[in-house]
Amino acid sequence: MKKKFNMPDTYVIIFFVVILAAILTHTVPVGKFQMEKVTYTTETGAEKTRTVPVAGSFAYELNEQGEPLVKGIKFFEPNGEVGVANYVFEGIVSGDKWGTAVGVIAFILITGGSFGIILKTKAVESGLYALIKKTKGSEWLLLPIVFFVFSLGGAVFGMGEEAIPFAMVLIPIVIGMGYDGITGILITYVSTQIGFGTSWMNPFSVAIAQGVAGIPVLSAAGFRMVMWTFFTAFGIFYTIRYANKVKANPQSSISYEADRYYREEFKLEDQQDVDFKFGHKLVLLVVLLGMAWIIYGVVVFGYYLPEIATQFVIMGIVAGIIGVVFKLNDMTVNDIATSFRKGAEDLIGAALVVGMAKGIVLVLGGTEAGTPSVLNTVLNWVANGLGGLPAAVSAWVMYIFQSVFNFFVVSGSGQAALTMPIMAPLSDLVGVPRQVAVLAFQLGDGFTNLIVPTSGILMAILGIAKLEWGIWAKFQIKFQGWLFLFGSLFVIGGVLMKLQ
């Protein structure tokens, strides 16, 4: 009898990618670019400076014989250096509080703990049952509305990490409504990345890319607004079509087993008489005001991981106090602490993935263009390989490259600063408008965030949904294909239109 193929665990997948990365370091020579500071104007009129590579300045690091240096990584390295066996620890402790990996890991654990407190009050369940009673069959409208709003958030202020706490609330809700965890991921995370990738003003992606590429920030906004409208409408259509299919036959969902945890927690037929108390309403009001405070802080003051994590802590503590005062779910003061711990524990697996994924990049030598690495060599190879191709084909290859490169550099601003200084002048040589080079970057960066296991946000969302990456990839690969197809058409269309 044929054995059924079991998709490898995410940790296993990352381990073998690390091994492949290590093999690359023993075969591909390392190189670096000269660096320079560029100043550009943001959409708010403020001037910003970034250090970026100089196009055409790539040079191999040479060994004592004057040949390109192949700097094969060792199996183990002491003194805090990176070796193959060190990838987990070094990946986890790399970076700073502003980003990958340690900052994102801390953010995931803190938000998980804070929402553990909120969920302990049972305000979410009580609110869900009250909502379903009042809507009487029209609750499906939640799906397109949330998808649209979150896509707009991704387009306007680069919503990404902010989707994590919303997923903690909405994934259980949609499962309780008779859909599945994948539906919850579609409306909370996929929507944000569609907005992120097709944005006309995302400050962490397209704005930086345009500034570094030397073209006016917010230029070609009309084209991008049309693109955002198209992809958002397509995403809503795809989500509703899928959700209706699951609603009609829940066991057809590939996440059916993974959803068991939330299905048992949210059995609607057993909860019709649940009382939606004043205390529950206060907790949900705290969540609503907290989310508004976070969005306001991000848009107006540029809050990021440290500030947002602290806002969630405040939100969780206030919700816990309300739970104790109003005896919600018989909460005690100790329950605030234990539910915080439980919430963080539920996401520890996703947090570890963030560090492991960063370990892949460290094995390859890092993402600093001014430091010799394998990634810099690959970037230079791709740039040289585009010469002589037709403009439309060159733009399409740029799109493919940015999509693949995002596996290693999932930060939108980081990828923009690393690749755009190379791709922008190169696009001039091959007849591709710089605007299209930016378009290829933002689509490649945004869309592949939906499937690469190196995305910390994706892995956190999957952790909330209790879903293995392999199961998600099995579902997402088809949708990913549609996004790539339509993205290719927009990139090629931009070349034919001579988009400026």
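**Exposure and backbone geometry around α11, α12 and the loop that follows**

At 34% relative accessibility, asparagine 329 counts as partly exposed, because that class lies between under 20% for buried and over 50% for exposed. The model described here is predicted. Asparagine 329 sits in the loop between α12 and α13. Its backbone is notable for the sign of one angle. Phi of asparagine 329 is near 55°, a positive value in a residue that is not glycine.

Lysine 327 is placed in the loop between α12 and α13, the latter spanning residues 333-346. The phi angle of lysine 327 is near 55°, again positive and again in a residue other than glycine. Lysine 327 has a relative accessible area of 56% and is therefore exposed, since the exposed class begins over 50%.

A second feature concerns the helices. A nonpolar patch of about 720 Å² lies on the surface. Its members are Trp293, Ile295, Tyr296, Val299, Val300, Phe301, Ile314 and Val318. Two elements, α11 (278-301) and α12 (305-325), each give two or more residues to this patch. Helix α11 provides the largest share, with 6 residues.

Phenylalanine 301 is one of the patch residues. This phenylalanine is found in helix α11. Its relative accessibility is 52%, so phenylalanine 301 counts as exposed. Patch membership requires over 30% relative accessible area and no salt bridge; the 52% of phenylalanine 301 is therefore in keeping with its place in the patch.

How values were computed: Residues are numbered from 1 along each chain as its sequence is written. This is a predicted model: local features need pLDDT of at least 70, side-chain atom pairs count only at pLDDT 80 or more; totals for chains, interfaces and linings use all residues. Side-chain values use heavy atoms; hydrogens and water are left out. Patches are made of residues with over 30% relative accessible area and no salt bridge: like charges are joined within 9 Å, nonpolar side chains (Val, Leu, Ile, Met, Phe, Trp, Tyr) within 5 Å. Accessible areas come from the Shrake-Rupley method with a 1.4 Å probe; for residues, only the protein chains shown count as cover. A salt bridge is a side-chain nitrogen of Lys or Arg within 4 Å of a carboxyl oxygen of Asp or Glu. Helices (H or I, at least four residues) and strands (E, at least two) are DSSP runs, numbered from the N terminus. Buried means under 20% relative accessible area, exposed over 50%, partly exposed in between (1.4 Å probe, protein chains only).
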